Amino acid sequence: MMKLNVVGFEWLISPTPCLATLVVFLGYIWANWPYSHWKELGVPGPSPSPVVGNFLQIFGGGSPRLVHQEWIKKYGKVFGMYSGRTPTLDVSDPDFAKQVLIDNFNQFRNRKKPTVTQRPLDKGIKLSRNENWRHARNLLSPTFTSEKLKEMVPLLNKCAETMVKNCSKLCESNQAIEVKGIFGAYAMDCIASCAFGVEIDSLNDPNNEFVRNAKMVLTFSKMDPWLFMSLFFPFVGRMLDIFNYSVFSRKVTNFFFNETAKIIDVRKKEERPRKDFVHFMLNAHKTSSGDSDKEKYRYHGMANDEITANSLTFFLESYDTISTCLGFTSYLLATNSEVQQKLIQQIDKVVAMHGRVTYDALNDMPYLDMVISESLRMYPPAVFLERECEKDVIIKDIPIHKGIGVTINVWAIQHDSEIYPEPDKFIPERFTAEQKSKRPSCSFLAFGVGPRSCIGMQFALAECKMALVQILKRFTFETCGQTEIPLVLGKMVELAPSMGITLKFKKRQ
Ligand code: HEM
């Protein structure tokens, strides 16, 4: 019998190297398999890397916004890329955006599913999905009607008065003001008051228990290394779910659960309850349209954990967006004095007419509305909107399969010179009713559009308007030696000036 000579080639038949080769081979397949998706469909886009997709190009040093702008120039207003392992269509064409956000909404009801269940926020409206989202939205929508908003405006007014007192102190000592501090504190006071029933002056009381826990929520949500890992290794997310992982520490979560439980107790006993989000959520069933298949909502309002999750969601959704919007608006007014003067004239006239700053007075200031819209066009706090495809669909000849992500590039659409000529100029007159009607329907997306757009839009506008009116009644925004002109934006996805915004508040005569 012939004997096989394997000297030097034993590794080919030894089980360990064979297994190692198989593992490497399977690893190679796993690392590369999602990345032929767009090529196969003939959709252009940047080349991905194994495991991380286009992540390194987006976050590897430059600003994500500018990287996207380069890609738009190269591949057009609709191109394919990969967020980690998920094929994602990047859209900066308003008509395509409309098809996703409005016309084919039933295929795009959800945002991309987080890779880790973000307890306790998963019970809140922003992260809920499918039918759970629809029920939550139906239930919460009445909380944000103009009627309810009107009842909350006095609470906003009180927070604005606290802010103005703090500004006066800084103004008297002739100090330059880092506006994020002032507006961040105002945003926190407003949401503490409206969503948690707690009245605070967070600027002067940083050791307040609510303020300390709220600040922890803000930092936890952004710096979680596990969330980051799970973007590329989905099994990390699944493991974390098994271990009941929470993005916030138990201590912080418990603090907010206990606070909400206390407020709910108080609200239930009050004869004339304070009109805030907690009150409206507890009584949501009384005004909701009701859903026959969800009996529980028809007979009682939201459960405690749902109220806590939604209050925390409102807090996280409002803190950065409001302070960013007010920060950029104050900068734009300080550097465009004729706009600031025109706005002040309108504020003086309308406040004199109404006698005080009411909800109706705020709505009687169309120029203020135009100023805020133009500021949100130039500096949208949410630069991208995201959706996940739920059922296969073809839009403008591009097949979008179930599970594929769609990113709507708000920044690119709102800085498109074909839609907004001279996009880097601050021109509030772009937002007269006449000018708005001339533009395509999805060309302003600062609050999103369609059934899943920002539920807090009217509340947010009232909050920003209240702050600007109360300040501009007494001060003007002025640039000073520390003001960075022109503003240079940082490299993060969230819009923030790299050096912050520093202004002086000058007392009006
Ligand atoms: C200037 C301030 C604000 C801006 C620019 C803003 C913008 C946005 C955007 C762009 C979205 C995503 C929309 C989409 O995916 O189509 C969103 C969603 C949301 N916002 Fe706002 N927002 C602001 C303030 C607020 C405030 C004050 C609240 C609550 C009190 C709030 C609550 C929410 C919630 C709950 C969602 C999720 C809605 C859902 O999934 O059904 N936002 N917001």
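In this predicted model, Pro273 is located in the loop that links α12 (250–269) to α13 (277–282). With 16 other C-beta atoms within 10 Å, Pro273 is classed as partly exposed, because that count falls between the limit of 12 or fewer for an exposed residue and that of 20 or more for a buried one. When neighbours within four places in sequence are set aside, the contacts of Pro273 are Arg267 and His279. Ala303 lies 30 residues from Pro273 in sequence, and the C-alpha atoms of Pro273 and Ala303 are 18 Å apart in space.

Three further positions stand out by their backbone geometry. The peptide bond that runs from Ile485 to Pro486 is cis, with an omega near -10°. Pro486 belongs to the loop between β8 and β9. Asn130, a residue other than glycine, has a positive phi, near 50°. Asn130 is part of helix α6, which covers residues 130–140. Asn130 is exposed, as 10 other C-beta atoms lie within 10 Å, and the limit for an exposed residue is 12 or fewer. Glu422 is not a glycine either, and its phi is positive at about 50°. Glu422 sits in the loop between α20 (410–414) and α21 (433–438). The count for Glu422 is 9 C-beta neighbours inside 10 Å, so Glu422 is also classed as exposed.

The loop that holds Pro486 joins two strands, β8 and β9, which belong to an open sheet of 3 strands. The order in this sheet is β3-β9-β8, and the pairing is antiparallel. The edges are formed by β3 (177–178) and β8 (475–478); each has a single partner strand, and therefore one side of each has no neighbour in the sheet. Helix α16, residues 304–334, packs on this sheet and touches β8 and β9. The direction of α16 makes an angle of about 85° with that of β8. Between β3 and β9 (residues 502–507) the antiparallel pairing comprises 2 bridges. Within this pairing, Ile177 has Leu503 of β9 as its bridge partner.

A second set of pairings involves strand β7, residues 405–409. Of the 5 residues in β7, 5 are buried, so the strand is largely enclosed by the rest of the structure. From β7, Gly405, Thr407 and Asn409 point one way, while Val406 and Ile408 point the other way; all of these residues are buried. Strand β2 (residues 86–91) runs parallel to β7, and the two are joined by 4 bridges. Val91 has Ile408 of β7 as its bridge partner. Strand β4 (residues 384–388) runs antiparallel to β7, with 5 bridges between them. Here Arg387 is matched with Val406 of β7 as bridge partner. Both senses are covered by the general rule that strands of a sheet pair through backbone hydrogen bonds, either parallel or antiparallel.

The ligand is surrounded by 24 residues, of which Ser318, Thr321, Gly448, Cys454 and Gly456 come nearest. Two or more residues of the shell are given by each of the elements α16 and α22 (457–472). The largest share, 7 residues, is that of α16. This is the helix that also packs on the sheet containing β8 and β9. Sorted by class, the shell around the ligand consists of 14 nonpolar, 6 polar and 4 charged residues.

For the protein as a whole, the secondary structure amounts to 22 helices and 9 strands. The C-alpha trace spans about 110 × 55 × 45 Å along its principal axes. The radius of gyration is 26 Å, which agrees with the value near 23 Å that a compact globule of 509 residues would have. Of the 509 residues, 39% are buried. Among contacts between residues at least 6 apart in sequence, those joining residues at least 24 apart account for 72%.

Note on methods. Residues numbered from 1 in each chain as written. Predicted model: local features only at pLDDT ≥ 70, side-chain atom pairs only at ≥ 80, totals over all residues. Rg over C-alpha atoms; globule rule 2.2 N^0.38 Å. Contact = placed C-beta atoms within 7 Å. Pairing = 2+ DSSP bridges. Axes fitted to C-alpha atoms, helices over the stretch in contact; angles between N-to-C directions. Near = placed C-beta within 6 Å. Nonpolar A, V, L, I, M, F, W, Y, C, P; charged D, E, K, R; others polar.
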